[in-house]
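Please open the model in your viewer and set it to show side chains as sticks. We will go from one selection to the next, pausing at each to say what is there.

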Amino acid sequence: MSVRLTTAQALVRFLAAQHTERDGVRRRLITGMWGIFGHGNVAGLGQALVEYADVMPYHQGRNEQAMVHAAVGHARQLNRLSAQAVTTSIGPGATNLVTGAALATINRLPVLLLPGDYFAAHPADPLLQQLEHPVEADVSVNDTLRPVSRFFDRITRPEALIASALQAMRVLTDPAETGAVTLALPQDVQAEAYDWPEEFFAERVWRVRRPAPDPEELAEAVRAIRAAERPLLVAGGGVHHSEAEAALRAFAEATGIPVASTQAGKGSLRHDHPADLGGIGHTGTAVADDLARTADLVIGVGTRHSDFSTASGTLFQRPEVRFLNLNITAFDAHKLAARTLVCDARTGLERLTEALDGHRVDPAYEAEYRTGKERWDQVVEAAYRAGDPSAVPTQTQVLGALDAVVGETDVVINAAGSLPGDLHKLWRARSPRQYHLEYGYSCMGYEIPAAIGVQQAAPDAVVWALVGDGTYLMMPTEIVTAVQEGLPVNLVLVQNHGYASIGGLSESVGAERFGTAYRHRAADGTFTGAPLPVDLAANAASLGMEVLRAKTVAELRDALAAARASDRPTCVYVETDPAPTAPPAEAWWDVPVAETASREAAIGAREQYDRQVAARRRHL
């Protein structure tokens, strides 16, 4: 039997019938579709979404990149077991997807991209917004999505969708391969009718596997752990994706091995667990980085070992240090010349705990890192503390005020600027999903749309998007979407009149904070004049948010409490004291400095750079 539908109608019906299953729990795979319509998708997917509105929820976005961010935040909150689709028009609508696709693929988070494409039949050539390539007539602007997609196809015939749609679902649900998946849809093919086999629309379940470790790899890993005197576990995002937090806690309690975390892995243990050392690397805590320098075995669980986590190859300094990587992706498991344990994080940790059979680190080592943890807790308290409630708050005091307000299941979202470093060092994560930092791509503009996606995934959670003025000016438009969808996301808008993070980095590398402040141009051409007379709070209010302005620490506390109690999208606007109050970096990060220069700032920065880079190691 067959059903006659357009390609777009068939795709929507197919997507509505897909499910995932892990640990016996079934979920819908594609929970909804974001879209901005124009030529290329309005008469295809646009019409199909009207036709099947009862089975495929539609969400209206304002910016194509932001729609991808919302979908990515949604998928992460749901541990990659559900995803959303995004449809766009031809041309700039499609190319606006590239940044979001890169973020999704780098962070290994599933999103289905459905950009419109040029006519497959070439009845008019060129058409509006078409890229004409002189030697490759089959190239379109959608080809920019190839390098940032885990699977890409252009559907030039209706029947070609059958095989490609199944491949797309396979990649979206594969824990080792997932990321952005792109099906480019020529506008004539979207509207073309075809007799589809009924089996194409049958309910289909994609089981998300939990592969067990190879017995020989497991035995070798156990020997390595037993032989280590100062082991350190580094928890990455894979712990969360696998829902392995309880298995990690059991491993740490059985072995006494301390746990540090990457940005993606923070919250794998509660902040008050005796084995939790907080963040590691350039933005890590003193206790985590001190132990990393003397560790003889580093156990990476679900981490990519990025330059921030390894301090650009300078952190792990013990001469005989070795690595053991437990990762579902063999590509990551082999990094740093490590012993490998290629498996699901939860399954692997459970097998390790069982095989270690009561092995435990020396009590003196436990006492050492617990004392270091206590010292760092005092550092956090000092950074959060506000002496004068009538004073203008610092950025770390903003975090302290928020820390005092949030509940166990609140979600705090951030991605770029100076806040990720402060949060990684200082935030006290209370639950696995509370700390939501996108730092694989560190994409400004992620926070507000991601908060929308998280709120859709967790409607009962209180969601906070922490945004600096730089990020806000890049992508505030999805505030309108939150208002339209009735999503009570909270925005903490921190005004510090410029790119604070890059300003500090610029100063450290001899670039003298050039081009990093939001100020009037002075008579000498520099941007050193008065701050620009912009009112971001008024802008947020004009987009439909309730806005609470806080000028002092006391007002900030009251505003955050009011926002948390609100049932509508709310912005807490605070202008901060720009004086740095966060603890300094405990480890280096490699940003090359001019090798030759005439200005003293750059000359001094290069001398410091040469001293730091000398400590880099190749772990072989």
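**A guided tour by selection**

Begin by selecting R22, which counts as buried, since its relative accessibility is 7%; keep in mind throughout that this is a predicted model. Now add E243, which forms a salt bridge with R22, the closest N and O atoms lying 2.7 Å apart. Because E243 sits in the loop between helix 9 (237-241) and helix 10 (245-255) while R22 belongs to strand 2 (residues 18-22), the pair ties together parts that are 221 residues apart in sequence. Unlike its buried partner, E243 is partly exposed, with a relative accessible area of 27%.

Next, select helix 3, residues 64-77, whose end C-alpha atoms are 20 Å apart, in agreement with the 20 Å that its 14 residues should span at 1.5 Å a residue. Of these 14 residues 14 are buried, so the helix is largely enclosed by the rest of the structure. At its N-terminal end, look for the cap made by N63, where a side-chain oxygen lies 2.9 Å from the backbone nitrogen of Q65; just after the helix, N79 takes a positive phi of about 55°.

Then move to E447 in helix 18 (residues 447-457). Which side chain of opposite charge is nearest to E447? It is R76, 11 Å away, and E447, although buried, has no salt bridge. A polar atom of the E447 side chain does, however, lie 3.1 Å from the backbone nitrogen of A415, and the residues in contact with E447 include I413, L466 and T471.

Finish with E512 and R599, which form a salt bridge whose closest N and O atoms are 2.5 Å apart.

Technical notes. Residues are numbered from 1 along each chain as its sequence is written. This is a predicted model: local features need pLDDT of at least 70, side-chain atom pairs count only at pLDDT 80 or more; totals for chains, interfaces and linings use all residues. Side-chain values use heavy atoms; hydrogens and water are left out. Helices (H or I, at least four residues) and strands (E, at least two) are DSSP runs, numbered from the N terminus. The expected span of a helix is 1.5 Å times one less than its number of residues. Buried means under 20% relative accessible area, exposed over 50%, partly exposed in between (1.4 Å probe, protein chains only). A polar contact is a pair of N or O atoms within 3.5 Å; within protein, one must be able to donate a hydrogen and the other to accept it, and residues adjacent in sequence count only if both atoms are side-chain atoms. Lys and Arg count as positive and Asp and Glu as negative; His and the chain ends are not counted. A salt bridge is a side-chain nitrogen of Lys or Arg within 4 Å of a carboxyl oxygen of Asp or Glu. Contact means heavy atoms within 4.5 Å. Lists of a residue's contacts leave out its neighbours within four places in sequence.
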